[in-house]
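The following exercises are to be worked with the sequence and the model in view. Each task is followed by a solution in steps.

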Amino acid sequence: MSANERATRALREILHKPGNDTCADCGAPDPMWGSCSLGVFICLACSGVHRNFPDISKVKSLSLSHWEDHEVEFMAENGNEIMKSKYEAAVPVYYYKPTYRDCQVLREQWIRAKYERKEFSDPGNFFTYEEGLREGILMKRGRDNGQFLNRRFVLSEREGTLKYFTKFDAKEPKAVLKVDTMNATFQPEKIGNPNGLQITYLKDYSTRNLFVYHDSGKEIVDWFNSIRAVQLHYLKVAFPGATDAELVPKLTRNFLKEGYMEKTGPRQTEGFKKRWFTLDHRRLMYFKDPLDAFAKGEVFLGNKDNGYSASPGLPAGTHCNGAWQYGITIVTPERCFLFTCEAESDQQEWLKHFNNVISAPMSPQEYTMEALFKHRH
């Protein structure tokens, strides 16, 4: 057996140790790369980020590269669990740890924060996300013309708000977003920028969208984690008895699903029109365009025991004049909503999410939201 074959076999055995079977940085299964200078096993996508700082991380393929004996020994002595205990010793609870499903900018900044900046290695570190006040310039998409323009944003922990100003020296903000009704989620494809962040908030019980980006990946991810830090502070004040484990899921969230469907109007005789849909937990919102500031309408999805259901197909006799054939009927106590999907796979995926939401028990806050919803509609 050649030295290379011996090394490959040894590396495969080390991979079976607990923690080494998923990527050290994003959790992707079956990592096929290793950093022989950091002692971690990583996936192909994360290895691309590691290559950007070769003085810190020396990346090799487990099967294609030549490994020296001392490098194999180093991997055996270390590995993902030991290196996580070193490089992730002090990750703040609010800091968003990306998975392999997350976008490039989140993964890249997480990896750089860990190994290049060593932000989480020392429990005594001060985090920029916890300064309580953050201000700076972000590019914001104009509501009417769709152009991205410089806007000053100010995040205040004391006030529990994010404000933005159209002029740098403006005294009055254009909008005040309360952090308890606010969400932030990365949307690079939708926004058309790798650092694109969608911020949503409630205004008069309706959802409003802001689309922003910054040329610096570090800057936009710092804003994102600062928002999460302020939200956690707010929740700790609002729910003093709650644990971190209970509060962290209430910070920013990714949408359950987004995409196009066609829908008809309340009389169900109107033509089916193509709309962009966003499912944000119990709120199903629809927009004429994915980058619209306001939804054209929304559907509240309550619990199945209270008269909510989602099923495939359309009621008999529905005049379906749209191009898409795969129907979905959502029943609420007030009315029926009819949608069509382009493909059966879309229909099945939407239904899976709808039924998961409808089956989940409702929190007291969601009952309040449902009551407001019925009052408004």
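**Exercise 1. Overall organisation of the chain**

Determine what share of the chain's contacts between residues at least 6 apart in sequence joins residues at least 24 apart, and describe the chain as a whole.

Solution. Step 1: among contacts between residues at least 6 apart, 52% join residues at least 24 apart. Step 2: the model is predicted, and its pLDDT averages 91 over the chain, with 98% of the residues scoring at least 70. Step 3: confidence is lowest in helix 1 (residues 3-15), where the mean is 74, and highest in helix 5 (residues 104-116), at 97. Where pLDDT is low, predicted coordinates should not be read in detail. Step 4: the chain contains 10 helices and 17 strands, and its C-alpha atoms fill a box of roughly 75 × 55 × 45 Å along the principal axes. Step 5: 50% of the 377 residues count as buried.

**Exercise 2. The annotated domain**

State which residues UniProt lists for "domain: PH", and describe the chain over residues 131-232.

Solution. Step 1: the unreviewed UniProt entry lists residues 131-232 and 254-359 under "domain: PH". Step 2: over residues 131-232, the chain is 20% helix and 45% strand. Step 3: the end C-alpha atoms of this stretch lie 13 Å apart.

**Exercise 3. Helix 9**

Compare the span of helix 9 (residues 344-359) with the expected value, and establish where its buried residues lie.

Solution. Step 1: at 1.5 Å a residue, the 16 residues of helix 9 should span 22 Å, and the end C-alpha atoms are indeed 22 Å apart. Step 2: Q347, W350, L351, H353, F354, V357 and I358 are the buried residues of helix 9. Step 3: viewed down the helix axis, these buried residues fall within an arc of 165 degrees; they therefore line one face of helix 9. Step 4: the packing partners of the buried residues are strand 11 (257-263), strand 12 (273-280), strand 13 (283-287), strand 15, strand 16 and strand 17 (336-341).

**Exercise 4. Helix 10**

Identify the buried and the exposed sides of helix 10.

Solution. Step 1: helix 10 (residues 364-376) has 13 residues and reaches 19 Å between its first and last C-alpha atoms, close to the 18 Å expected. Step 2: E366, E370 and F373 are buried in helix 10. Step 3: because the buried residues fall within an arc of 60 degrees when seen down the axis, they line one face of helix 10. Step 4: the cover over these buried residues includes strand 14 (297-300). Step 5: P364 and H375, on the other side of helix 10, are exposed.

**Exercise 5. Individual residues**

Classify M83 as buried or exposed, and describe the surroundings of M83 and of T318.

Solution. Step 1: M83 belongs to helix 4 (residues 80-87). Step 2: the cut-off for buried is under 20% relative accessible area; M83, at 8%, therefore counts as buried. Step 3: beyond its neighbours within four places in sequence, M83 contacts L38, G39, V40, N78 and E88. Step 4: G39 is 44 residues from M83 along the chain, yet their C-alpha atoms are separated by 7.0 Å. Step 5: T318 lies in the loop between strand 15 (309-312) and strand 16 (326-331). Step 6: with neighbours within four places set aside, T318 contacts F272 and L338. Step 7: the C-alpha atoms of T318 and E159 are 51 Å apart, with these positions 159 residues apart along the chain.

Notes: Residues numbered from 1 in each chain as written. Predicted model: local features only at pLDDT ≥ 70, side-chain atom pairs only at ≥ 80, totals over all residues. Heavy atoms only, no water. Helix = DSSP H or I, 4+ residues; strand = E, 2+ residues; numbered from the N terminus. Expected span 1.5 Å × (residues − 1). Buried < 20%, exposed > 50% of the residue type's maximum accessible area, 1.4 Å probe, protein only. Arc of directions from axis to C-beta. Contact = heavy atoms within 4.5 Å. UniProt positions renumbered as here; feature names shortened; annotations may be inferred. pLDDT = per-residue confidence, 0-100.
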